[in-house]
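Okay, thanks for making time, everyone. I'll put the model up and then walk through how the chains meet and what sits inside them.

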Number of protein chains: 4
Amino acid sequence: MIVVMQKDATEDQISHMIERVEGLGLKAHVIRGTERTVIAAIGEKREEDKSALESGMGVSEVVPILAPYKVASRELKPEPTKVSVGSFTMGAGTLGVVAGPCSVENEEQLMSTARVVKKAGATALRGGAFKPRTSPYSFQGLKEEGLKLLAAAREETGLAVVTEVLSTDDVDLVASYADVLQIGARNMQNYRLLEAVGNISNPVILKRGPSAAMDELLLAAEYILNEGNPNVILCERGIRTFESHTRFTLPLASVTYLHNKTHLPVMIDPSHGTGHAYMVADMAAAAVAVGADALMIEVHPNPEVALSDGYQSLNFQQFSDLMTRCYKIASAIDVTMEKGELVV
Amino acid sequence: MIVVMQKDATEDQISHMIERVEGLGLKAHVIRGTERTVIAAIGEKREEDKSALESGMGVSEVVPILAPYKVASRELKPEPTKVSVGSFTMGAGTLGVVAGPCSVENEEQLMSTARVVKKAGATALRGGAFKPRTSPYSFQGLKEEGLKLLAAAREETGLAVVTEVLSTDDVDLVASYADVLQIGARNMQNYRLLEAVGNISNPVILKRGPSAAMDELLLAAEYILNEGNPNVILCERGIRTFESHTRFTLPLASVTYLHNKTHLPVMIDPSHGTGHAYMVADMAAAAVAVGADALMIEVHPNPEVALSDGYQSLNFQQFSDLMTRCYKIASAIDVTMEKGELVV
Amino acid sequence: MIVVMQKDATEDQISHMIERVEGLGLKAHVIRGTERTVIAAIGEKREEDKSALESGMGVSEVVPILAPYKVASRELKPEPTKVSVGSFTMGAGTLGVVAGPCSVENEEQLMSTARVVKKAGATALRGGAFKPRTSPYSFQGLKEEGLKLLAAAREETGLAVVTEVLSTDDVDLVASYADVLQIGARNMQNYRLLEAVGNISNPVILKRGPSAAMDELLLAAEYILNEGNPNVILCERGIRTFESHTRFTLPLASVTYLHNKTHLPVMIDPSHGTGHAYMVADMAAAAVAVGADALMIEVHPNPEVALSDGYQSLNFQQFSDLMTRCYKIASAIDVTMEKGELVV
Amino acid sequence: MIVVMQKDATEDQISHMIERVEGLGLKAHVIRGTERTVIAAIGEKREEDKSALESGMGVSEVVPILAPYKVASRELKPEPTKVSVGSFTMGAGTLGVVAGPCSVENEEQLMSTARVVKKAGATALRGGAFKPRTSPYSFQGLKEEGLKLLAAAREETGLAVVTEVLSTDDVDLVASYADVLQIGARNMQNYRLLEAVGNISNPVILKRGPSAAMDELLLAAEYILNEGNPNVILCERGIRTFESHTRFTLPLASVTYLHNKTHLPVMIDPSHGTGHAYMVADMAAAAVAVGADALMIEVHPNPEVALSDGYQSLNFQQFSDLMTRCYKIASAIDVTMEKGELVV
């Protein structure tokens, strides 16, 4: 249920209603909108609870949340959520761009990439330190050493740092270095890990699993939100279909659907979503046009020798061209985006 | 094989080489590019044929076509194909927009739609006269009566007319009324029908089947091209996947892939591709950004009472807004598009 | 609607009700069950029609058909349909086996295969004379010459003959040679072709398209049934999914679903359904266990040199082993199946 | 690489070769077959290592492992792996049956089910104590209390106990109560969890993710095997496709494929694989016919009131009928299976 407070409800009235919600054995999530405050009351539905809350001072109305997800729902919070951390801002008309290598390989690779993506207009640096690899025999990432390099790159460039966390055991460590934590597609339904990142304050990028239905994605987000972390960014990175000319099929209609159902911002990852460097710029441009709140792009100084995902990584020139094209489209449809410089 | 003629090859030399190709029992398709003429020699590969042709006067080189499709291949014809018929132009930097109702229902419905889509900037009118319906008990279209209404709408508005043909028996009839014939997704591999439209001169829109691989689509186009009709437009209208929040999943990376492999223009149909009116404008905008050569949009005076596909049809206002947004994006990336007027 | 006649309704009463149904502008399909006769009244639903029919002499009740397909529905005809033609019998506890080469290539190939599959227990011979090929440059079949060879093989072995028809133009020709006509997966929604085979009396095998939903398959069958041909056999031959270790994914639960919804018999094609010869016997055995009414198996004297589909064709020994295994399973669960001899 | 020892190689020679493998910085996995011992040498491939090992005393040959998975590969170990724990035996011609409720709900529910499935011929009891639920607001399982009930049911019935583990933190706890640990489909690529169950000795059932490719499944198994736990059972439980008349699409050809590529036993779960109780027996029968090594079946005293997955659970009578049918098929094709008694 959503307890919608009157516009002029006092802080005391709000606090009092939170107590009443909790007194009924329900969990209270408070959303302070620009217009009014609402309190989500999460738990088993009972008709008598609704009546009990409706009579509260300062309460405008009590309405059910029809979606299976509650805190993530646009019914609860009609205004879009904007996530800001360091230089990285996304949502509500501002486009964030996260760029960098699939894996952090060494200082030279990471620092050169960081400088270029910053110059070209990116607002955050991505780089994998803990890598989930299909084979146990593949390169598993530099781990803490990689995190230190990412922090150093932030120090120099001012870019926010985004990196993946694979295990509940590593959440605190990763959160101590990174600005934004990423939950990979393979872990979208690793519920213990979702709960763990729900208990920190860093924003979380939650990638859609390649066969996840939209409700499954939103309920996975709900696991994080329900623990108290409100800064969840949903990321579409492609689904598994019969198509074999792309690594995954990237459905951009996900942006439209999610904007309709949730206030959370939506990111598009055209690198994983296509699996081919030559397709990335086209799909990034399309993502801007469709209304995505952020992009995630793999960039590498020399994709041919990358330790992972080289075939889908852009080199510096390609990334710069992509940013120029995206900036033109964003400007045409009144989306705010960092204006980068050309990289040669 | 491709017989690439020298830049200064004479007409006599070209004619002579065509004869030699045919003398070897091969089929000759001549493509006259801006730079030079090439002759595709289609048939069973024999090493001795290559040698025999290489020695011809005016021949620059003879190279194999690696793709399974030949005439459709970009190896054979690097320059993009531009299709023009009436007011409808698409390809090579010009965006065509085909709009109109799913089914032609009556004169009032069709004429009012035609006037509005023309005003908003569309360059062709679509409308189904022969309808392929999942159930034998559903409305099957007005048939020839519908074709007559379409021709009348062209008369008044100057829009080119696009309509579907379902059967070899109807090809001549439909071609006598319509400018462009459409092969629907269900008939993408109806090879006798493909051959029949390969034997007329009207341009053909070939819709991708919902589970067709790209090679299957291009080989279906090859059935048409191989009969002698060079004006084939490929249309991506969504594939069948596990997703249920959209009617189909619309993979815009198809545009990038197809532009890489073929010279044929590529159209996007966001109406069928999403199945929901509220998603159509977003995906149309994305299609423009990704580089599509044309759009196909379902428009109806009153979608709620449409005889077919109402849930995915736009009303006049929604279509006008879509065109305004697409025009802004096209302009930002130097794509030519008809500038429409606002429709209120 | 279904007009259910009383058990003791007379022929006169039945004829009279058919007239009344037609008098209401509805189409009457009569199903004579072992227990009672029912008349399907197909057309637009009107409440007053129901009342008009309920009052008829000999009428037990008038009930709506809830499924979108009517004549195909198990609501209309609870007893399973059994199809018999020549030696080929399938349905209602009897397993039919259709075996033979993908394409008819020549007399020697076809006759040797026919003799062996007959000996091993098959009840019908398959062989493609008109071949739907993905590429216009592939072998398109022997056409009428192939039909003549099939008829000659029937003459010698007594096997029923099954072959595909691709075009409305060929229906009469093919029906004059073959016992059973096959509509291939690519033509499942070629509605003019479905109507054409609805107007002949030969049984029709209707293959499921690789992305067809069950309702789409059943409505395609309805196009045939609605024209008056009651002998439709549904064939599951695999769907298109992300899996790449098989050519298609073969969902055997289709048998259970279809038996629940329709009285029409269900055939399984493990050759196309897997695309690999080494998988065919396992899946054929599973199809028998799940309750399929028939199998379709590709067999070739020498799969390695087959003109089409060699990688999924069994040689004679493999086919004989498959039949032995299927016979054991059929016997264990009381399914009737021809007992073949071992082929060495 | 695989170091294949001679048939008469001594223990000393084997030990010595293990040392040499490890001396090269490679990991040694020893597989003692009935015919001969082989040593898998896992690590980066270097040509000089192969030569170094070939010269060892007692070595027959050194061959590369072509598959990306090594220890799981049939190249390394041609004989099928048989897993036995308590009464539960599966693999190499013996069919194991795991049955029980989706969730452990209470003592009465679990004990009554355990008695019945034991009587009907099951060899292990399943029951979820830690439940991975799509929504954070759904019943999450009885946790340790559920494990205690499972252990009590084993005490009384002698059935082996199978239950899921969700988190590395719970592995030791779950392993202390259960005989066999299950990794659910959502965690198939939770690599830290795979490593954790690789470090215990209990057999592990690894469920295929709904969009996992076969190589991804086998490489996930490899994560477990590579840590030293050789008892991995692969479980096919259905994939996500466009089909909506079943919850998932259950591809039985997976059994054939996996038996071809790996020595690990393969289980089929028709309950999740179809999502409908009325389909479970048919698909279980088919799984036996195709050659599966084990079945996993959801059974509940009263499916209509189950706390989870009731629509796909069988009641006692239905389960008993399923077992009777499976026993008949198993017997017909010489598969060993516990003969149960009829349950009324």
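Before the pictures, one convention on handedness: a helix crossing is left-handed if the near helix is turned anticlockwise from the far one by less than a right angle, and right-handed if clockwise. My helices (H or I, at least four residues) and strands (E, at least two) are DSSP runs, numbered from the N terminus. This is a predicted model, in which local features need pLDDT of at least 70 and side-chain atom pairs count only at pLDDT 80 or more, while totals for chains, interfaces and linings use all residues. Residues are numbered from 1 along each chain as its sequence is written, and chains are lettered from A and ligands numbered from 1 in the order in which they are written.

So, chains A and B to begin with. Superpose chain A on chain B and you get a rotation of 180° with 0.0 Å of shift along the axis, at an RMSD of 0.0 Å. The two copies are thus related as by a two-fold rotation axis. Within chain A, A:A286 has the C-alpha nearest that axis, at 2.1 Å. For the record, the superposition is by least squares on the C-alpha atoms of residues with pLDDT of at least 70 in both copies.

What does the contact look like? I call two residues in contact if their C-beta atoms, placed from the backbone, lie within 7 Å. By that rule, chain A puts in 36 residues and chain B puts in 36 residues. On the chain A side, α8 (253-261), α10 (277-290) and α11 (316-332) each supply at least two residues. The largest share there, nine residues, comes from α10(A). Sorted by class, the chain A side has 21 nonpolar, eleven polar and four charged residues. The classes: Ala, Val, Leu, Ile, Met, Phe, Trp, Tyr, Cys and Pro are nonpolar, Asp, Glu, Lys and Arg are charged, and the others, Gly among them, are polar. And 100% of the interface residues of chain A are also interface residues in chain B, so the copies meet through the same surface.

Zoom in on one helix pair across that interface. α8(A) and α10(B) pack at about 135°, with their axes 9 Å apart. Axes here are lines fitted to C-alpha atoms, for helices over the stretch in contact, and angles run from 0 to 180 degrees between N-to-C directions. The pair is therefore oblique, given that angles under 35 degrees count as roughly parallel, over 145 as roughly antiparallel, 65 to 115 as roughly perpendicular and the rest as oblique. The crossing of α8(A) past α10(B) is right-handed. From α8(A) we have A:A253, A:V255, A:T256 and A:N260, meeting B:Y278, B:M279, B:D282 and B:M283 of α10(B). That contact has five nonpolar, two polar and one charged residues.

Now, chain C against chain B. Again a rotation of 180° with 0.0 Å of shift does the job, with an RMSD of 0.1 Å. C:S211 has the chain C C-alpha nearest this axis, 2.9 Å away. Here 23 residues of chain C touch 23 residues of chain B. On the chain C side, α6 (191-198) and α7 (214-227) each give two or more residues, and α7(C) has the largest share, five residues. The class split is ten nonpolar, eight polar and five charged. As 100% of the interface residues of chain C are also interface residues in chain B, these copies too meet through the same surface.

Next, inside a chain; I'll use D. There's a closed barrel of eight strands, β7-β8-β9-β10-β11-β12-β13-β14, with parallel pairing. The twist averages 25° from one strand to the next. Strands pair if DSSP finds at least two bridges between them, and β11(D) (204-207) and β12(D) (232-236) run parallel with four bridges. In that pair, D:L206 has D:L234 as its bridge partner. Across both of those strands lies α7(D) (214-227), at about 155° to β12(D).

One last stop, chain A's β1 (2-5). It pairs antiparallel with β4(A) (59-63) over four bridges, where A:V3 stands opposite A:V62. β1(A) also runs antiparallel to β3(A) (37-42), joined by three bridges, with A:I2 partnered by A:A40. That's my tour, so over to you.
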